[in-house]
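Trainee: Could you walk me through this model by explaining why each label is used? I'd like to see the cut-off behind every word.

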Amino acid sequence: MFRSKRARLVVLIAVLAFCFVCLWPSICWYVRTPKEEQNLALGSLEKIKDYSTDKANADIDLIFAQARENPDSSLSVDYAWLEKVARKNYKLMGQSAPKTMSVVDVLEAFDDRRELLPIFEARYRDRILKNKEYYENAVKLGLDLSGGMNVIVKADLDSVLASQKTAETMISDDVLKAQAMEQAIENLTSRIDRFGLSNPVIRQQGEDRIYIELPGAAEADQINSIIMGRGILNFRLVDDQATNSFMQYYMSHQNNTFDAAGNLVDPSVIPEDCDLFGYYVKDDYGLDERAGWVVVKKEVVLDGQHIKSAEVGTENITNRPQVNFVLDSEGAQIFGDFTASHVNQSMAIVSDNKVKSRATINEPIPGGRVAISGFSLNEAQNLQKVLQTAWLTVPLSVESQQVIGASLGETAIHQGAMALSVGLLLILIFMLVWYKGAGINAVVAQVLNLYIMFSILSAFNLTITLSSIAGMVLTIGMAVDANVIIFERIKEEIALGRPRATAIANGFDNAFWAIMDSNITTFIAAIFMSQLGTGTIQGFAVSLAIGVVSSVFTALFVSRLIFDWNTQSMKKKTISISWRKN
């Protein structure tokens, strides 16, 4: 297979091109993205949104100030892109845009500031989210290299199973455990990201444990408080009159209604028996976006633990989406009595101090089967997800945690890079000295070997740790071993008087199975270690397995191609492979 030099060259180019595509996110993140933009991309989605909004408002202020001071001036180079958007708007309005547009002409293409804000915000947001995407698809540095904290959290699934009897659910134990773990991971992800802890790695480990990696500096007490907290879902009565009064007050006092911590400056603007919560919907990026404010009674009408199941359906007449959920017997009685006494009033579903849904009670709802409508399919699916796991209160406890200092991470990076560089350099010097011109083949093969290894790590979003670097160093030695076997076989053929082409062909053929046998056994051992091992053992095994595959390819494929290229294209008759005469 691939006996033709041209066919092998095409395969090699295709492999290198594919590897470059896989490595591109890592190049963009570590080389092309400035440090300040990396810090922005590593922030929580809420912080990215706040930053984009602030920058957009600042830019719009500058443009409006320019329009007031010098109406006939043109937009600066930084905002030249806005002229294209303005010309498109003129076209949509059926008007001809001025040939040379002043800042006033540009602003007249938009109704008001509110139309400009999302356009400016999108430019900042899209750039940051693109960098965030590069990071997510790039090779990651483990905690032993980057510093941070790892935490193992244990979920008490026995308590969840015990609550099944209380909640009167008909779900099997296995499905119940899976739902509980899914909900616990989702809640932890939401809480950690909301607290601004950048890009956590959160994954299930075994049946009842959750592994969390938090890169960068993090306070142990803060992490524990986040993990131990629980999201609470409940139903409350909306005070419509107080809500309307507050909204009128808020529109007149937007700048001084809340303090820096988000608390009401004047608590008397809402009744003493009420709480004020934001009403949130999901935006295009899956973030909770506040769409308004709702004043609800402090008294909880119904706790989420009474919900047995929830699903998305459609209304019989209008065919619009609705969410149907079923309550247990106790919840059905409470809800029936409440709705009967509050017809034509509003009810809110509150989760984590956010109003997720607000609906009007049109009639009494006995029997425990409830339908809520009045929103889009996407909103219905989000609400269904909130409701269906509302009763799954999963107790969590921190089983272990380890803090890695940033200085230790920098030292580890330096030591690891030094070990890899020195090991590679010494091996390459030995190959050049001992095998002369043929050693160049080994050098090229080693460089491509590392290139392919890093590309595969990037393609699978794997993490580089000190143990991974150890696996790479070992792979370099194994890859050179394959070249040594090939070169020695070629030297034996030359000693028998074979011509260059025959010596090379026989040398590779005779070395093939010796190389394959040793690498296959190593690969099998690496696969078993990666599956059965954890932590550092797994990192070492994964990098070793990847290195075995790439080293076999470079030794048998790339090195052979270089030899054949020199034979057929460069017309060489002898081989520079040893110190004795060929």
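Mentor: Sure, starting with accessibility: buried means under 20% relative accessible area, exposed means over 50%, and partly exposed is in between, with a 1.4 Å probe and protein chains only. This is a predicted model, where local features need pLDDT of at least 70 and side-chain atom pairs count only at pLDDT 80 or more, while totals for chains, interfaces and linings use all residues. Residues are numbered from 1 along each chain as its sequence is written, and side-chain values use heavy atoms, leaving out hydrogens and water.

Trainee: Then why is asparagine 344 called exposed?

Mentor: Its relative accessible area is 60%, and the label asks for over 50%, so asparagine 344 qualifies. You'll find asparagine 344 in the loop between helix 12 (329–341) and strand 10.

Trainee: What is notable about phi of asparagine 344?

Mentor: It is near 70°, a positive value in a residue other than glycine. Most residues other than glycine have a negative phi.

Trainee: And what makes proline 499 count as partly exposed?

Mentor: Proline 499 has 49% relative accessibility, so it falls in the partly exposed class. Proline 499 sits in the loop between helix 16 and helix 17 (500–532), and its C-alpha atom is 7.7 Å from that of threonine 574, though the two are 75 residues apart along the chain.

Trainee: What counts as a helix or a strand here?

Mentor: They're DSSP runs numbered from the N terminus: H or I over at least four residues for helices, E over at least two for strands. By that rule the protein has 18 helices and 14 strands. Of its 582 residues, 44% count as buried.

Trainee: Why is strand 5 said to be largely enclosed by the rest of the structure?

Mentor: Take strand 5, residues 233–238: six of the six residues are buried, so "largely enclosed" follows.

Trainee: How do you know that strand 10 is covered on both faces?

Mentor: In a regular strand the side chains alternate between the two faces of the sheet. In strand 10, Ser346, Ala348 and Val350 are on one side, Met347, Ile349 and Ser351 are on the other, and all are buried.

Trainee: What makes strand 5 and strand 10 a pair?

Mentor: Two strands pair if DSSP finds at least two bridges between them. Strand 5 and strand 10 (residues 346–351) have five, in the antiparallel sense, with leucine 233 opposite serine 351. Strand 10 also pairs antiparallel with strand 11 (residues 354–360) over six bridges, and there valine 350 faces valine 355. Strands 10 and 11 form a hairpin with two residues between them, and aspartate 352 in the turn has a positive phi of about 55°.

Trainee: On to helices. Why is helix 1 called oblique to helix 15?

Mentor: Axes are lines fitted to C-alpha atoms, for helices over the stretch in contact, and angles run from 0 to 180 degrees between N-to-C directions. Under 35 degrees is roughly parallel, over 145 roughly antiparallel, 65 to 115 roughly perpendicular, and the rest oblique. Helix 1 (residues 5–32) and helix 15 pack at about 55°, with axes 8 Å apart, so helix 1 is oblique to helix 15.

Trainee: Which hand does the crossing of helix 1 and helix 15 have?

Mentor: Left-handed (the near helix is turned anticlockwise from the far one by less than a right angle; clockwise would be right-handed).

Trainee: And what makes helix 4 oblique to helix 6?

Mentor: The axes of helix 4 (residues 81–92) and helix 6 (residues 113–137) come within 12 Å and cross at roughly 135°. That angle lands in "the rest", so oblique it is. Their crossing is right-handed.

Trainee: Which residues of helix 4 and helix 6 meet?

Mentor: Trp81, Leu82, Val85 and Asn89 of helix 4 meet Glu115, Leu116, Ile119, Phe120 and Arg123 of helix 6 (contact means heavy atoms within 4.5 Å). By class, this contact has six nonpolar, one polar and two charged residues. Ala, Val, Leu, Ile, Met, Phe, Trp, Tyr, Cys and Pro count as nonpolar, Asp, Glu, Lys and Arg as charged, and the others, Gly among them, as polar.
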